[in-house]
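Please look through the sequence and the structure before reading on, and keep both at hand while following the text.

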Amino acid sequence: MFYVATDEEIKSGKATDIYFIRTKRILEAKGFSGTRVVAEVTASKLPERWPWGILCGVEEVARLFEGLPVNVYCMPEGSVFYTRDYRGLKEPVMFIEGPYGEFCVYETPMLGLLCQASGVATKAARVKKAAGNCLVVSFGTRRMHPALAPMIDRAAFIGGLDAVSNVVGAEAVGQKPVGTMPHALIIVMGDQVAAWKAFDEVMEPDVPRVALVDTYYDEKIEAIMAAEALGERLFAVRLDTPGSRRGDFAEIIREVRWELDIRGYKHVKIFLSGGLDEYVIPKLKKAGAEAFGVGTSISNAPVVDFAMDIVEVEGRGPCAKRGKLGGKKQLWRCPECLVDLVMPFGAKGPKCPKCGGDMEPMLKPLVKGGRIVAELPEPAEIRKYVLEQLEKLELEFEVE
Ligand code: PCP
């Protein structure tokens, strides 16, 4: 019914660029398809001015290569990565070794699995870094093809978001979906108070009472009406102010916060949505917002520009194209400084150039001879790993 590739089409290698199918045919016809190579994945640049990225999509890459006569080494899913190491050398996040003819058609889907999910996860990590301890919910699956909802919400959650609003997205990460109420509820019932009270009456007790307060009147007026209607039961008011009315959104938040507080409604939080990203959240948080629903900026995040390049061919050793470094490599990381050094694979681990401490190899076995050998952690565990790394990372701008 929908224009999405099936698991079978992806696993069979059909979801690929035609020139890989042609290359496979030519190599087979000329007796080269069994030639063993090492091919590595690097990102030549990151979108906007991102100083780092979060690697996501690794579990799906493992499943893609499962059953093929290849070995895959990769950074664990959720690892931070840079385009270049401490000395400026291009940094591999993964490499595949095996007969090129056996895996060449999988370059397109493998890159697709990493590029989009890593973009979403990185943007989510940046938003979470900007929001600090505030609740951030993924609201953006409505902007993308519904077949992608599980992937998008999984990447957003792994990147550090606290919850997701899409039902199948929440299933993909083993969490309960989190949401509020649409303007449609208020418009169909024709009365804000009736709609808020109906929500409170019908919804299960564990669903937080968040009243949308920007439908007909000024946010300040509706926020007071909602607090008076639901009292202690009101968890938060959501402001989703349209662009035509937004003006100084921070000023509106300060007013709503003030008017709620002087009336004894300090318990009512301010939940924002609509056009949010890492750049605007710090100022809105400072103005009094405590929870954010972030949609398009995360679900439609720029993709990370990963590429795969052959760097070694059996019998001929290192052989990379111009602009790439030849030979199989290991990436070493200082666990304290998150500083990286690229070294030839098998070389002795270096000391951290910043603190002199021991460094750890980051490219670990993911698939061996077509068998998945790495542990594939649950999304919540990967998210915890991302948040731990975020403690040591900064954005490229000062978060107020
Ligand atoms: C939107 C809806 C989305 C929010 C904004 C995400 O409001 O609540 O979840 O916006 P973003 O993609 O710009 O981050 P409406 O379009 O007014 O939808 P609704 O009335 O259903 O809340």
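The paragraphs below begin with the ligand and then turn to several places along the chain.

The model shown here is a predicted one, and a good place to enter it is the ligand, which sits in the second largest pocket. Around the ligand the reader will find Phe-139, Arg-142, Arg-143, Pro-182, His-183, Arg-238, Asp-240, Gly-274, Gly-275, Gly-295 and Thr-296. When these surrounding residues are sorted by character, two count as nonpolar, five as polar and four as charged.

Some of these residues bring polar side-chain atoms to the ligand, and three such approaches can be followed one after another. The side chain of His-183 has an N or O atom at 2.6 Å from an oxygen atom of the ligand, while for Asp-240 the corresponding distance, again from a side-chain N or O atom to a ligand oxygen, is 2.7 Å. Arg-142 also takes part, with a polar side-chain atom that lies 3.3 Å from an oxygen atom of the ligand. As for how much of the ligand is covered, it has 500 Å² of accessible area on its own, and the protein covers 77% of that area.

From the ligand shell, one can step from Gly-274, which is among the residues surrounding the ligand, to Lys-129, a residue of helix α5, which spans residues 107–131. These two residues are 145 residues apart along the chain, and their C-alpha atoms are separated by 19 Å. Is Lys-129 buried, partly exposed or exposed? Lys-129 counts as partly exposed because its relative accessibility is 22%, and a residue is called buried when that value is under 20% and exposed when it is over 50%.

A contrasting case is offered by Asp-85, which is found in the loop that runs between strand β4 (80–81) and strand β5 (92–99). With a relative accessible area of 6%, Asp-85 is buried, and its side chain reaches the backbone nitrogen of Val-342 at a distance of 2.8 Å.

The last stop is helix α6, made up of residues 149–158, which is mostly covered, with nine of its ten residues buried. The buried residues of this helix include charged ones, Asp-153 and Arg-154, and the others that are buried are Ala-149, Met-151, Ile-152, Ala-155, Ala-156, Phe-157 and Ile-158. Following the chain just past the end of α6, the reader comes to Gly-160, which takes a positive phi of about 125 degrees.

Key. Residues numbered from 1 in each chain as written. Predicted model: local features only at pLDDT ≥ 70, side-chain atom pairs only at ≥ 80, totals over all residues. Heavy atoms only, no water. Near = heavy atom within 4 Å. Polar contact = N/O pair within 3.5 Å; in protein donor to acceptor, adjacent residues only side chain to side chain. Areas by Shrake-Rupley, 256 points an atom, 1.4 Å probe, with all protein chains shown as cover. 1 Å grid on protein atoms, 1.4 Å probe; cavity = no way out; pocket = protein on both sides within 12 Å on 5 of 7 lines; lining within 4 Å. Sits in = over half its atoms within 2 Å of the grid points. Helix = DSSP H or I, 4+ residues; strand = E, 2+ residues; numbered from the N terminus. Buried < 20%, exposed > 50% of the residue type's maximum accessible area, 1.4 Å probe, protein only.
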